[in-house]
Amino acid sequence: MASAIGCCLLVLALYPVSDAKANRQLAEPVAIPVAAQPLAIPAEEIEPALVWTEQRVSSGDSLSTLFSRAELTAIDVYQVSASQDGKLLRNLYPDELFRFGVDSTGQLQELHHIQSKLVSRVFTRDGESYSSEQRVREPDTLLNYREGVIKDSLYMSGLEADLPDKLIMELANIFAWDIDFVFDIRKEDSFSLLYEEQFLDGEKLSVGNIIAATFTNRDKTYQAVRYTNDQGETNYYTPEGLSMRKAFLRTPLDIFRISSGFNLKRKHPIHKKIKAHRGVDYAAPRGTPVYSAGDGKVIAAGYSKANGNYVFVQHGQTYITKYLHLNKKKVRKGQSVRQKQLIGTVGSTGYATGPHLHYEFLVNGVHRNPRTVKLPQANPIPKAELAAFQTATQPMLRQLAQSGGTSSFAGSSDATDKNSGGTSSAN
Ligand SMILES: [Zn+2]
């Protein structure tokens, strides 16, 4: 099935990119559209003696068009825009909302500029002008729990566990240094996670960060917990305080663009007949981003008949990684690169029968299997901070463990300092 020298190809069904994009958008915290009844100003703070109307901003709207639709006059527009904070109304954005409070004589008394569910500005009549005040609401952060078992793909199993797209990707990213989600994932692998959700008046606004998670891959369980260190840097660690982040990515390309890891019926790459093969092949759509597996320096970036477009990266004295058959190279020889920096895109240049990344990992000049080579550890929690780390993270890990077997709401009171605690606000 493969050419004499080239790498074998896997037959792949494409991951539904367009659906994924749509879901991803929904998962973004700010992408939730403002509801018909915006919450930025609670109902009890709206002056009941006034008559209220609303106008939503469309593209092309100005204060004048909005006021005109609300049957207010040019004088009203002038008085508001000439007021001290009137200049803040020069830039309006679609889907913002204006609420007009008019008294019995038809006089505009209060104007609410509702920018989002959380942020608004209230203009109040003060003689012939208006004074204004910004109102910002803080959402309540609660913890939720989910678990799942891999049946067909991480992505599908994540959706089945009712996980938003964004969290499925975050979950894969947390364990990306330990698990090759393209080749290692197996049916009956399982995961569990504790994550933040933001609520306002009992309504879910957005999904926050994963706080703690486990992933069991072929009977080996990996645990990760989120922690912000002394320096204010946030990372995921093992319960013992070792960084989840390692010097090398296990899979040097965007796993969410390829489906082999999600297709358990896929055939394994067979290289037995190809003596010269010394790497791993990741079949992926042409153009899939290829990342540098670790920090390093580009020692070669060129073209040859066999390799096609290729990039070699040196990492310290010991390691070299090689990326072949690229469609496009995105780096030059001599350039420094960071881990997960884009260095090229998947292609089929050179001896390749279809688009794939051929990836090699060398330790002291010797080829090693990139999927199984033991990777060096990076940045554990310093000894001096270990006690603080454990105080902060053990309650989260305990809660994750105790939530197992349920998928109901798991409120937390001793969770994190920014946590409002409990399910009390979900009323
Ligand atoms: Zn190959």
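Reader: Which backbone oxygen does the side chain of Ser 292 reach, and at what distance?

Author: In this predicted model, the side chain of Ser 292 reaches the backbone oxygen of Gly 294 at 2.7 Å, and a pair of N or O atoms has to lie within 3.5 Å to count as a polar contact. Ser 292 itself is placed in the loop between β12 and β13.

Reader: What makes Ser 292 count as buried or exposed?

Author: The relative accessible area of Ser 292 is 0%, and buried means under 20%, so Ser 292 is called buried. Leaving aside neighbours within four places in sequence, Ser 292 is in contact with residues including Leu 249, Val 313, His 315, Tyr 323, Val 337 and Arg 338, where contact means heavy atoms within 4.5 Å.

Reader: Why is the meeting of the Arg 338 and Asp 295 side chains called a salt bridge?

Author: The N to O distance between the side chains of Arg 338 and Asp 295 is 3.5 Å, and the limit for a side-chain nitrogen of Arg and a carboxyl oxygen of Asp is 4 Å, so the pair qualifies as a salt bridge. This pair links distant parts of the chain, with Arg 338 in the loop between β16 and β17 and Asp 295 in the loop between β12 and β13, 43 residues apart.

Reader: How do you know whether Arg 338 and Asp 295 are buried, partly exposed or exposed?

Author: Arg 338 has 56% relative accessibility, and the exposed class begins over 50%, so Arg 338 counts as exposed. Asp 295, at 40%, falls in between the 20% and 50% limits, and it is therefore described as partly exposed.

Reader: What makes Arg 146 and Asp 162 a salt bridge?

Author: The closest N and O atoms of Arg 146 and Asp 162 are 3.4 Å apart, and the criterion asks for a distance within 4 Å, so this pair meets it. Arg 146 belongs to strand β6 and Asp 162 to the loop between α4 and α5, so the salt bridge ties together parts that are 16 residues apart in sequence.

Reader: Which classes of burial do Arg 146 and Asp 162 fall into, and why?

Author: With 12% relative accessibility, Arg 146 is under the 20% limit and therefore counts as buried. Asp 162, with 51%, is over the 50% limit and is therefore exposed.

Reader: How many salt bridges does the structure hold, and where do Arg 121 and Asp 85 lie?

Author: The structure holds 11 salt bridges, and one of them joins the side chains of Arg 121 and Asp 85 at 3.6 Å, N to O. Arg 121 is in strand β4, whereas Asp 85 is in the loop between α3 and β2, 36 residues away in the chain. Both Arg 121 and Asp 85 are buried.

Reader: What is the order of the strands in the open sheet, and which are the edge strands?

Author: The sheet has five strands in the order β1-β2-β3-β4-β5, paired in the antiparallel sense. The edge strands are β1 (51-56) and β5 (129-136), each of which pairs on one side only. On average, neighbouring strands of this sheet are turned by 20 degrees against each other, direction ignored.

Reader: Why are β1 and β2 said to pair?

Author: At least two bridges are needed for a pair, and β1 and β2 have six, so the requirement is met. Within this antiparallel pair, Glu 54 stands opposite Arg 99 in β2. β2 and β3 are also antiparallel over six bridges, with Phe 98 opposite His 113 in β3. The hairpin of β2 and β3 has five residues between the strands, and Gly 106 there takes a positive phi near 85 degrees.

Reader: How do you know that β3 and β4 pair, and how many residues of β3 are buried?

Author: Five bridges connect β3 and β4 in the antiparallel sense, and two would be enough, so they count as a pair. His 112 stands opposite Val 122 in β4, and the hairpin formed by β3 and β4 has four residues between them. Six of the seven residues of β3 are buried, so this strand is largely enclosed by the rest of the structure.

Reader: What does the chain as a whole come to, in helices and strands, and what share of its residues is buried?

Author: The chain has six helices and 19 strands, and 51% of its 427 residues count as buried. Among contacts between residues at least 6 apart in sequence, 66% join residues at least 24 apart.

How values were computed:
Residues are numbered from 1 along each chain as its sequence is written. This is a predicted model: local features need pLDDT of at least 70, side-chain atom pairs count only at pLDDT 80 or more; totals for chains, interfaces and linings use all residues. Side-chain values use heavy atoms; hydrogens and water are left out. Helices (H or I, at least four residues) and strands (E, at least two) are DSSP runs, numbered from the N terminus. Axes are lines fitted to C-alpha atoms, for helices over the stretch in contact, and angles run from 0 to 180 degrees between N-to-C directions. Buried means under 20% relative accessible area, exposed over 50%, partly exposed in between (1.4 Å probe, protein chains only). A polar contact is a pair of N or O atoms within 3.5 Å; within protein, one must be able to donate a hydrogen and the other to accept it, and residues adjacent in sequence count only if both atoms are side-chain atoms.
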